[in-house]
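Reader: I'd like a close look at one part of this protein, taken slowly enough for a first-year student. Could you pick a buried side chain, tell me about its surroundings, and then work outwards from there?

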Amino acid sequence: HDTPRFVTCAGSDINSLKLALIFLLCYPGAPCIFYGDEIGVTGRHDPECRQPFPWEQTRWNTKLLAFVKELISLRKRFNALRRGTFTRMYSADGVYAFQRAWEGESLTVVLNTAEEPRTIALKDSQGARGDKNVLFGIAEFPGGAGGGQILVPARQGAIIRV
């Protein structure tokens, strides 16, 4: 409220918003999305930030809306994203990774804010071993799905089931 819109602050970089939304919907606590951010509404300082919701769907970023809906669906589907423990796993070179776990569910969230792809290695104690599959976003496993390395493309994020 009375603040410039995220997309405007990020210089129209939708990938920045997507990374922030992955973080927001996977981090502990109740997520709060400012109306219109889910469709890419822009606006500078007050009063431009107070514009009414654009009900004409032709003005919506429908790909962004589908992205947000899929994230919300994952949050509803996995208790680990709503109630699970939070463990920071990695933080260096523009990459941040954390784990959410709850009663046998273990999800790893990896966010690459760098302008180039990054490969991170996670220790065995961090849930790096064992088969993995990407539930959301983009990531690869250079050593196979049972290894401890995760490759995330530039300016992308992923939610991975371990």
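Author: Sure, let's start with F98, which is buried, with a relative accessible area of 0%. Keep in mind that this is a predicted model, and that everything below is computed from it.

What kind of aromatic pair do F23 and F98 form? They sit edge-to-face, with 5.9 Å from centre to centre and 85° between the planes. F98 belongs to strand β2 (residues 95-102) and F23 to helix α2, so this pair ties together parts that are 75 residues apart in sequence. Unlike buried F98, F23 is partly exposed, with a relative accessible area of 29%. The two rings also have company: F23, Y27, F86, Y96 and F98 make up one aromatic cluster.

Now step back a little. The count of aromatic pairs comes to 10. Another of them is F53 with W55, and this one is tilted: the centres are 4.4 Å apart and the planes make an angle of 55°. Is each partner buried or exposed? F53 is buried, at a relative accessible area of 17%, while W55 counts as exposed, at 66% relative accessibility.

Helix α2, the home of F23, turns up again when you look at the nonpolar residues. The largest nonpolar core has 22 residues, and I22, F67, L71 and I159 are those with the most contacts inside it. Which elements give two or more residues to this core? They are α2, α3, α4 (79-83), β3 and β5 (133-137). The most comes from α2, with six residues. Take F67 as a sample: leaving aside neighbours within four places in sequence, F67 is in contact with K18, L21, I22 and F136. Apart from this core lies another one, of 12 residues, and A97, V110, A139 and I160 are among them.

Next, on to charges. Side chains of opposite charge can pair when their charged atoms come close. The structure holds five salt bridges, and three of them are worth a visit here.

Start with D37 and R5, whose closest N and O atoms are 3.4 Å apart. D37 lies in the loop between α2 (14-26) and α3 (62-77), and R5 in the segment before α1 (6-9), so the pair ties together parts that are 32 residues apart in sequence. Are these two buried or exposed? Both D37 and R5 are buried, and for D37 the relative accessibility is 10%. Not counting residues up to four places away in sequence, D37 touches R5, F6, L17 and L64. R5 has aromatic company too: R5 lies over the face of F34, at 4.0 Å from the ring centre, and also over the face of Y35, at 4.6 Å from the ring centre. So if you're looking at R5 on your screen, check for a salt-bridge partner, D37, and for the two rings, F34 and Y35.

The other two bridges share an arginine, R155. In one, R155 pairs with D13, and the closest N and O atoms are 2.5 Å apart. R155 lies in the loop between β6 (149-152) and β7 (156-161), and D13 in the loop between α1 and α2, so this pair ties together parts that are 142 residues apart in sequence. In the other, the side chains of E115 and R155 meet at 3.8 Å, N to O. E115 lies in the loop between β3 (105-112) and β4 (118-121), and R155 in the loop between β6 and β7, so here the parts tied together are 40 residues apart in sequence.

How do D13, E115 and R155 fit together? They are linked in a network of salt bridges. Their accessibility runs through each of the three classes: R155 is buried, with a relative accessible area of 13%, D13 is partly exposed at 26%, and E115 is exposed at 61%.

To retrace the path: you began at F98, buried at 0%, met its edge-to-face partner F23, moved on to the 22-residue core, and finished at the network of D13, E115 and R155.

Terms used. Residues are numbered from 1 along each chain as its sequence is written. This is a predicted model: local features need pLDDT of at least 70, side-chain atom pairs count only at pLDDT 80 or more; totals for chains, interfaces and linings use all residues. Side-chain values use heavy atoms; hydrogens and water are left out. A salt bridge is a side-chain nitrogen of Lys or Arg within 4 Å of a carboxyl oxygen of Asp or Glu. Helices (H or I, at least four residues) and strands (E, at least two) are DSSP runs, numbered from the N terminus. Buried means under 20% relative accessible area, exposed over 50%, partly exposed in between (1.4 Å probe, protein chains only). Contact means heavy atoms within 4.5 Å. Rings of Phe, Tyr and Trp (its six-membered ring) pair if their centres lie within 6.5 Å; planes under 30 degrees apart count as stacked, over 60 as edge-to-face and the rest as tilted. A charge sits over a ring if NZ of Lys or CZ of Arg is within 6 Å of the ring centre and within 35 degrees of the ring normal. A nonpolar core is a set of buried Ala, Val, Leu, Ile, Met, Phe, Trp, Tyr and Cys residues joined through side-chain atoms within 4.5 Å.
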